[in-house]
Every structure is written in C-alpha cells, then in structure tokens.
Amino acid sequence: MIKVESLTKQYAGFTAVDDVTFTARPGRVTGFLGPNGAGKSTTMRIMVGLTPASSGYAEVSGRRFADLPNPGLEVGVLLDASAQHAGRTGREILTIAQRTMGLPAGRVGEMLDRVSLTDDEADRRVRNYSLGMRQRLGIATALLGDPDVLILDEPANGLDPAGIRWMRDLLRGYADRGGTVLLSSHLLHEIEVIADDLVVIGQGRIVAQGTKAELLATAGTLVRTPDVHQLAQALTSAGVSFTPSAATGSQDALRVDADPGVVGRVALDAGVHLVELRAADGAGLEEMFLELTADTQRETLTEGAAA
Amino acid sequence: MTATTLESAVEEVARPVRPTPARIPMSRIVSVELRKSFDTRSGFWLMASIGILAVVATGATILFAPDDALTYGNFAAAVGFPMAIVLPMVAILSITSEWSQRTGLTSFTLVPHRGRVLAGKALVAVLVGVVSMLLAGLIGALGNVIGTSINGVDPTWNISALEFGYIILGNLLGMAVGFMLGVLIRNSPGAIVAYFVYSLVLPTVTTVLAETQEWFADKQPWVDFNYAQGPLFDGDISGQQWAQLGVTGLFWLVIPLSIGLWSVLRSEVK
C-alpha cells in the first residue's frame with residue numbers, strides 16, 4: 001500500500017509536483033503515467049525520501065519511508081538502473097544490498113536466476129552492461145528483500161520485446177500474490193497492458209486517475225469523416241461535446257463524448273458521410289493520454305480548441 | 001474532459017502480515033561501507049597503494065639515505081608522506097562516489113538516514129586510517145631493521161609511541177579534511193582538486209605571507225590549520241599549540257564540515 005497525500009514540491013520558480021494525491025493498493029498494478037518532465041520521478045524520489053517534499057507526505061505500508069527500520073525488506077525500489085558504480089560487478093551490487101538488508105548470501109544467486117542474468121553476466125562489471133541488463137539487475141535489487149511494495153521508475157526502458165513481456169508477467173504475478181506495484185512510464189501501450197489502476201500526471205498535477213476500465217469507458221466515440229467541419233457543426237448544434245482527435249494520425253477524426261449510436265444518428269441527420277465510427281477505447285489510453293496532457297506536453301499534436 | 005477520482009470497491013488480496021523487521025544495526029552499515037571501499041578496481045588499488053607506497057618509500061630510504069640517516073624517524077617520515085596523500089583520497093572518494101557514481105540512490109534508500117550512512121563512512125575512514133598507519137609504521141620498522149643491518153649500523157628507534165600516536169592523529173585530521181571536502185563538494189574530481197589546493201597551495205601562500213608580512217607571522221599559528229598541525233608531526237606539541245590546533249580546526253574543519261553535513265542531510269539525491 002502506498003499513500004500519497006497532497007504532495008507538493010516547489011523549486012525556485014516552478015512547481016514540479018503540485019498537490020498530488022493518490023493511493024496504490026495491494027494486489028493491483030498502479031501505472032503512473034505522464035509525459036517527460038511531468039513530475040513522475042520527482043514524486044517517486046519524494047516517496048522514498050531522496051527528495052524532501054515542500055508540503056504533503058507519502059506513506060509506504062502505513063509509515064513514512066524514513067521510519068521503515070529496514071526498507072529493503074518492505075519496499076523494493078528501482079529509480080534509475082544506470083545509477084550504479086560502473087566498476088562493480090552485478091553480483092557485487094546485489095551482495096551489497098543483501099548484506100545491508102541482512103539477508104542470507106544465497107538470495108543473491110536466487111535473484112540472479114529470477115531475472116535471468118547468467119553467472120557469467122553477473123561477474124561482469126556494470127559498465128559493460130546494456131541498459132536492459134541494468135534494468136534486470138535493478139529489478140533483482142528491488143525484489144531481493146521479498147518486499148510487499150514495489151516502486152519502479154520506467155522499468156521497461158531499454159528492455160527488448162521479450163524482456164518487456166517478462167517484466168509484465170513478473171509484475172502481474174507479483175500483484176496477484178498481493179503485492180503493491182507502482183510503476184511509472186511514458187510508454188503508454190506498456191502501461192495499458194499491465195496496469196489495473198492509472199494515475200495520469202501532467203505538469204506536476206494529476207489530470208486523471210481511476211481503474212483502467214473506468215478511464216477507458218469514458219473515452220467516448222471515434223468518428224472519421226472527410227467533412228470534419230460539417231460534422232463538427234452538426235454535433236455542436238446537437239449539444240454533443242467533442243475534440244479533434246490525433247488517434248488516426250490525420251486531421252479527419254473527432255473524438256466525441258457520446259455513444260457511437262448517437263454520433264451515427266447526428267451524422268445521418270446532417271447528411272455527413274462517415275468513413276469510420278467506433279467506440280474510442282480502441283484508440284485506447286494513448287488518445288486519452290494525449291488529450292489529457294494536450295496543454296502540458298511539448299509537442300502540439302491536436303489542433304485547435306475543443307468546441 | 002474532467003479529471004475522474006473514482007473510489008471503486010476493488011477486491012483486495014491480503015498478504016500475510018509480517019513482523020516488523022529489526023532496524024539495520026550500525027555494525028552492518030560499517031561492514032558494508034568497508035566492503036564498498038574495496039570492491040571496485042579503483043578502490044582496491046587505492047587501498048593496495050597504501051601498502052605498496054609504504055614498501056617503495058622504505059626501499060628508497062634504504063637505497064638512497066646515507067648511513068647516519070637510517071633512523072626510524074626518517075623511515076617513518078618517508079612512509080608517512082604517501083599516507084598523507086592517499087588516506088584523504090580514501091575519505092574523499094567514499095563520500096563523493098555516492099554522488100559521482102550515483103550509488104547514493106540505492107545507499108540512501110536501503111538506509112533511509114543519511115546521517116547513519118555518513119557515520120558508517122566516518123568510522124570506516126578512522127579504521128582504515130589507523131590500520132594503514134600501523135601497517136606503514138610496521139613496514140617502516142622492518143625497513144629500519146633491514147636497512148641498518150645491510151649497512152652494518154645500529155638501528156635507531158627515535159620515535160616514541162606517543163609521537164607515533166600524534167602522527168596517526170595528524171593523518172586522521174587529513175582524512176577528516178577529505179571527508180569535509182567530500183560532503184561539501186560531493187563531486188570526486190572537484191573534491192580532490194580542492195584537497196590539493198587546501199593542503200598544498202594554501203600552505204605555500206601562507207608561508208610566503210608569513211615571510212613577507214610581519215603582522216601575519218605572529219598570527220599564523222592561530223589562523224593557519226596546516227601550520228597548526230605541524231607540531232603533531234614533529235612529535236612535540238605544547239598546550240598552546242593544542243589550543244592553536246583547536247582554534248584553527250574549528251574554522252577550517254568543524255564549521256565547513258557542519259555546513260557540508262547539513263547540506264547533505266537536506267539535499268536532493270538524484
């Protein structure tokens with residue numbers, strides 16, 4: 001269980017994390033989603049006490065992180081797989097963590113097996129590791145103390161497709177056994193397939209949160225037509241709200257906050273010819289993500305304001 | 001679209017409640033920090049260089065010193081010089097590598113009290129300092145025995161245990177300076193350069209100043225920390241010189257160390 005309450009972090013001149021409140025529950029994978037620079041990593045660093053909060057607090061397993069007597073046994077943390085001494089071997093890095101936590105030495109070998117690092121790879125120095133191998137080592141460090149809670153910042157970065165699949169199965173199994181998993185990502189599809197709950201953040205603020213099913217159910221209808229302008233007018237006069245959609249990669253689509261049946265009726269009445277009409281959850285989280293963060297992201301992907 | 005904050009009833013899978021683990025003991029932090037000083041190639045060779053340089057310095061003294069200079073005092077001085085350089089490096093790197101190599105991300109999450117990690121490092125530095133000095137003293141003593149017997153002169157043992165204790169203290173102060181620069185600067189190259197400025201450039205400046213400015217010459221023992229440490233290495237230190245060491249140490253070591261520790265405790269680890 002992770003509880004984040006009104007967390008705010010201000011730097012001179014800007015607010016990196018702005019009144020963030022959410023809970024990651026046991027038995028669930030909670031996806032922490034946001035574009036680059038949205039405040040995901042800062043929030044996670046505050047959770048584990050590496051960055052002091054300006055106000056608000058975060059609790060893990062009912063306590064502040066600094067009050068955990070031996071945090072490695074309760075919370076597995078992976079913030080940056082590359083943040084390791086390049087001159088240590090993978091095995092040595094795990095051994096340091098194992099000793100700090102006071103675990104039996106055999107745990108190191110078990111974890112290397114668990115993350116599929118061979119003995120040969122484990123005895124190499126980390127400077128010779130690929131990013132994917134570093135991620136596996138970081139996961140091994142996080143799992144070492146068999147914690148109830150995992151906090152992982154972009155764990156899928158650098159993994160090949162098989163590695164991503166492996167990570168997904170590992171985290172799924174971990175949550176199914178009652179663990180709490182919080183993982184951040186800007187890789188939307190990755191989060192979409194693994195997360196049960198979503199927390200979407202943009203410019204330090206939470207822009208949406210809930211279960212994945214709830215958030216996708218609110219995604220409305222996707223409609224494509226060569227005559228976007230006329231359909232937009234018809235929808236406006238019918239009192240149905242919509243936004244331009246980038247889901248199809250061109251500008252002939254709208255995402256409408258109504259059922260496909262309603263949109264089809266409006267189009268028929270207006271005599272607009274449609275080339276596509278479907279529930280927008282096929283467009284999925286990416287559409288929602290791009291919309292929710294439209295005014296906070298660096299690239300402007302949607303044109304114009306919603307009517 | 002409005003932000004949705006929905007509290008839905010989600011079936012919670014309960015994990016068996018486990019007993020609260022015991023707090024990580026200080027002894028474990030110290031042993032892990034000690035291990036971290038040796039477990040990289042650079043760390044290992046830095047440590048090994050303590051023994052190697054002591055042997056080289058002793059060998060050089062046997063080869064090049066005239067017979068009447070084959071005293072334990074000279075062997076100790078020859079062995080002590082590399083110690084005074086290497087030991088502060090050990091102290092600096094034990095701190096700065098947590099930032100320069102970014103291992104602090106792991107270290108400070110596994111032990112979420114930076115003060116305890118730093119205390120562990122300080123204890124390791126003292127341990128390494130004392131053991132290294134004893135080792136260096138032993139190598140110097142062996143050199144004295146071998147050197148004098150080769151040259152057929154009687155060995156001279158002109159350093160008392162108390163004097164040797166002062167020398168160890170002097171080297172520990174050097175490590176404390178390294179530790180201070182480490183927490184203050186938190187960057188390996190920066191702290192090493194700062195150490196050489198502190199221990200080599202600064203004394204040169206104050207020496208020149210004392211030679212040319214009479215008003216400074218009188219005050220130097222009370223303002224120059226390096227100068228005030230001199231009596232420790234000469235093996236004889238008076239009450240007034242202890243006071244001078246204390247006063248200069250307060251300004252050149254204790255105060256900057258406090259600022260450094262304070263900033264480490266409240267800074268961000270990225």
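1. In which order do the strands of the open sheet of chain A stand, and with what pairing? In this predicted model, the open sheet of chain A has four strands in the order β11-β12-β10-β13, and the pairing is antiparallel. The two edge strands, each of which pairs on one side only, are β11 (242–244) and β13 (276–279) of chain A. From one strand to the next, the twist averages 20 degrees.

2. The pairing of β10 with β12 can be followed in the model. Strand β10 of chain A (residues 221–224) and strand β12 of chain A (residues 253–256) run antiparallel and are joined by four bridges. Within this pairing, A:Arg224 is placed opposite A:Ala253 of β12(A).

3. Two helices of chain A should be viewed together with the sheet. Helix α9 of chain A (residues 228–237) packs on the sheet and touches β10, β11 and β12 of chain A. The direction of helix α9 makes about 15 degrees with that of β12(A). Helix α10 of chain A (residues 260–270) also packs on the sheet, where it touches β10, β12 and β13 of chain A. For helix α10, the angle between its direction and that of β13(A) is about 155 degrees.

4. The second topic is the interface. Chain A contributes 55 residues to the contact and chain B contributes 41 residues. Between them, chain A and chain B bury about 4400 Å², of which 54% lies on carbon and sulfur atoms. On the side of chain A, the residues that lose the most area to chain B are A:Leu50, A:His85 and A:Thr100, which together account for 14% of what that side buries.

5. Polar and charged pairs also cross the interface. Four salt bridges are found between chain A and chain B. In one salt bridge, the side chain of B:Arg35 meets that of A:Glu92 at 2.6 Å, N to O. In addition, 16 residue pairs are in polar contact across the interface of chain A and chain B, with both residues at pLDDT 80 or more.

6. Which elements of chain A each supply at least two residues of the side that touches chain B? They are α2 (90–101), α6 (161–176), β9 (205–211) and α8 (212–217) of chain A. The most is given by α2(A), with seven residues. By residue class, the side of chain A that touches chain B divides into 23 nonpolar, 16 polar and 16 charged residues.

Key
Residues numbered from 1 in each chain as written. Chains lettered and ligands numbered in written order. Predicted model: local features only at pLDDT ≥ 70, side-chain atom pairs only at ≥ 80, totals over all residues. Heavy atoms only, no water. Contact = heavy atoms within 4.5 Å. Buried area = accessible area lost by both parts, 1.4 Å probe. Polar contact = N/O pair within 3.5 Å; in protein donor to acceptor, adjacent residues only side chain to side chain. Nonpolar A, V, L, I, M, F, W, Y, C, P; charged D, E, K, R; others polar. Pairing = 2+ DSSP bridges. Axes fitted to C-alpha atoms, helices over the stretch in contact; angles between N-to-C directions.
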